Amino acid sequence: MRPQKKPIQAVSTWVRRQPPKVKAFLAVVSGMAALVLLRFIVHDHDNLFVAAEAVHSLGISVLIYKLMKEKTCAGLSLKSQELTAIFLAVRLYCSFVMEYDIHTLLDLATLATTLWVIYTIRFKLKSSYMEEKDNFAIYYVVIPCAVLALLIHPSTSHHFLNRIFWAFCVYLEAVSVLPQLRVMQNTKIVEPFTAHYVFALGVARFLSCAHWVLQVLDSRGQLLVALGYGLWPSMVLISEIVQTFILADFCYYYVKSVFGGQLVLRLPSGVV
């Protein structure tokens with residue numbers, strides 16, 4: 001008699017056997033269900049953005065713990081950390097000159113810890129840095145984001161340069177995790193602390209995306225008008241959705257691995 005599968009394993013097996021179109025449909029339905037749940041649970045949707053920043057900071061804390069305890073940065077992408085520092089620095093500048101609030105303080109704390117991670121990888125733990133695996137050329141994302149920011153940016157009353165900076169950090173944040181995904185794609189095996197960090201990024205990106213979508217729904221589209229005219233309001237939403245879906249596949253295998261009791265995450269070919 002064959003042993004009975006746990007419900008989570010049975011669902012996971014069923015989902016894995018479905019064609020790509022069905023998987024995409026299930027992902028969209030799951031995302032919509034999560035949004036509906038958040039809309040009823042969280043009354044002030046601004047808290048979702050604060051929660052996203054807090055989860056991101058928690059992910060950085062996991063990295064710091066890994067670097068201090070294990071004395072190795074194997075499996076981490078220095079380029080992803082550098083892209084994160086760039087968009088955080090630009091966003092911090094925009095916060096100071098455009099809207100100083102709690103998000104400014106959270107960004108400052110996250111930037112400080114990200115810079116510490118960069119310093120540790122580049123100088124203190126350089127011998128364990130997998131440079132040959134971290135082979136994503138960052139100009140592939142920095143240059144297109146800069147060009148896109150020049151073409152599509154807010155039409156608010158702020159200074160022209162500040163509006164371009166604002167757009168640039170939105171676009172760059174959406175793709176800043178790509179070098180880290182390339183490292184995991186090259187190694188195929190992700191150790192626990194790195195997996196926890198990337199999963200925290202996925203949760204943070206989803207919360208940020210949920211914040212924007214629910215704000216648009218609550219304001220009945222008035223938020224899009226407040227952001228300006230043209231393509232910019234749509235690009236903000238698209239950027240949030242893109243960065244969420246970039247990490248969705250990894251998050252699925254992370255949850256599956258955790259419920260399966262596996263400490264080390266092994267990614268199938270084609271993931272990320």
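**Exercise 1. How many salt bridges does the rule give, and which parts of the chain do they tie together?**

Start with the count: the rule gives 5 salt bridges, where a salt bridge is a side-chain nitrogen of Lys or Arg within 4 Å of a carboxyl oxygen of Asp or Glu. The model is a predicted one, so local features need pLDDT of at least 70 and side-chain atom pairs count only at pLDDT 80 or more, while totals for chains, interfaces and linings use all residues. Residues are numbered from 1 along each chain as its sequence is written, and side-chain values use heavy atoms, with hydrogens and water left out.

Step 1. Take Glu191 and Lys66, whose closest N and O atoms are 3.1 Å apart in a salt bridge. Glu191 lies in the loop between β1 (189-190) and α9 (192-218) and Lys66 in helix α3 (residues 46-70), so the pair ties together parts that are 125 residues apart in sequence. Helices (H or I, at least four residues) and strands (E, at least two) are DSSP runs, numbered from the N terminus.

Step 2. Move on to Arg122 and Glu82, whose side chains meet in a salt bridge at 2.3 Å, N to O. Arg122 belongs to helix α5 and Glu82 to helix α4, so this pair ties together parts that are 40 residues apart in sequence.

Step 3. Now look at Glu173 and Arg91, with a salt bridge of 3.0 Å, N to O. Here Glu173 sits in helix α7 (residues 160-175) and Arg91 in helix α4, so parts that are 82 residues apart in sequence are tied together.

Step 4. Check for shared partners: Lys66, Glu70 and Glu191 are joined into one network by salt bridges.

**Exercise 2. Sort these salt-bridge residues into buried or partly exposed: Lys66, Arg122, Glu82, Glu173 and Arg91.**

Step 1. Fix the cut-offs: buried means under 20% relative accessible area, exposed over 50%, partly exposed in between (1.4 Å probe, protein chains only).

Step 2. Apply them. Lys66 is buried at 1%, Glu173 is buried at 11%, and Arg91 is buried at 13%. Glu82 has 19% and counts as buried too. Arg122, at 37%, is partly exposed.

**Exercise 3. Where is Asp107, and what does Asp107 contact?**

Step 1. Place the residue: Asp107 is in helix α5 (residues 102-124).

Step 2. Read off its cover. With a relative accessible area of 2%, Asp107 is buried.

Step 3. List the contacts (heavy atoms within 4.5 Å). Setting aside neighbours within four places in sequence, Asp107 is in contact with Glu53, Leu88, Arg91, Leu92 and Ser95.

**Exercise 4. How do the axes of α4 and α8 cross, and which residues meet?**

Step 1. Get the geometry: the axes of helix α4 (residues 78-98) and helix α8 (residues 178-187) come within 7 Å and cross at roughly 170°. Axes are lines fitted to C-alpha atoms, for helices over the stretch in contact, and angles run from 0 to 180 degrees between N-to-C directions.

Step 2. Name the arrangement. Angles over 145 degrees count as roughly antiparallel, under 35 as roughly parallel, 65 to 115 as roughly perpendicular and the rest as oblique; α4 and α8 are therefore roughly antiparallel to each other.

Step 3. Find the residues: from α4, Lys79, Ser80 and Leu83 meet Leu178, Pro179 and Gln180 of α8.

Step 4. Finish with α8 itself. Its buried residues include Pro179, Gln180, Leu181, Val183 and Met184, and Lys188, which follows α8, has a positive phi near 70°.

**Exercise 5. Where does Ala200 lie, and which residues does Ala200 touch?**

Step 1. Ala200 is in helix α9 and is buried at 10% relative accessible area.

Step 2. Leave out residues up to four places away in sequence, and Ala200 touches Val55 and Gly59.

Step 3. Compare chain and space: Ala200 and Ala54 are 146 residues apart along the chain, yet their C-alpha atoms are separated by 9.8 Å.

**Exercise 6. What is the pattern of helices and strands along the sequence?**

Step 1. Count the elements: the protein chain has 11 helices and 2 strands.

Step 2. Walk along the sequence, and the pattern reads α-α-α-α-α-α-α-α-β-α-α-α-β.

Step 3. Add the burial total: of the 272 residues in the protein chain, 46% are buried.
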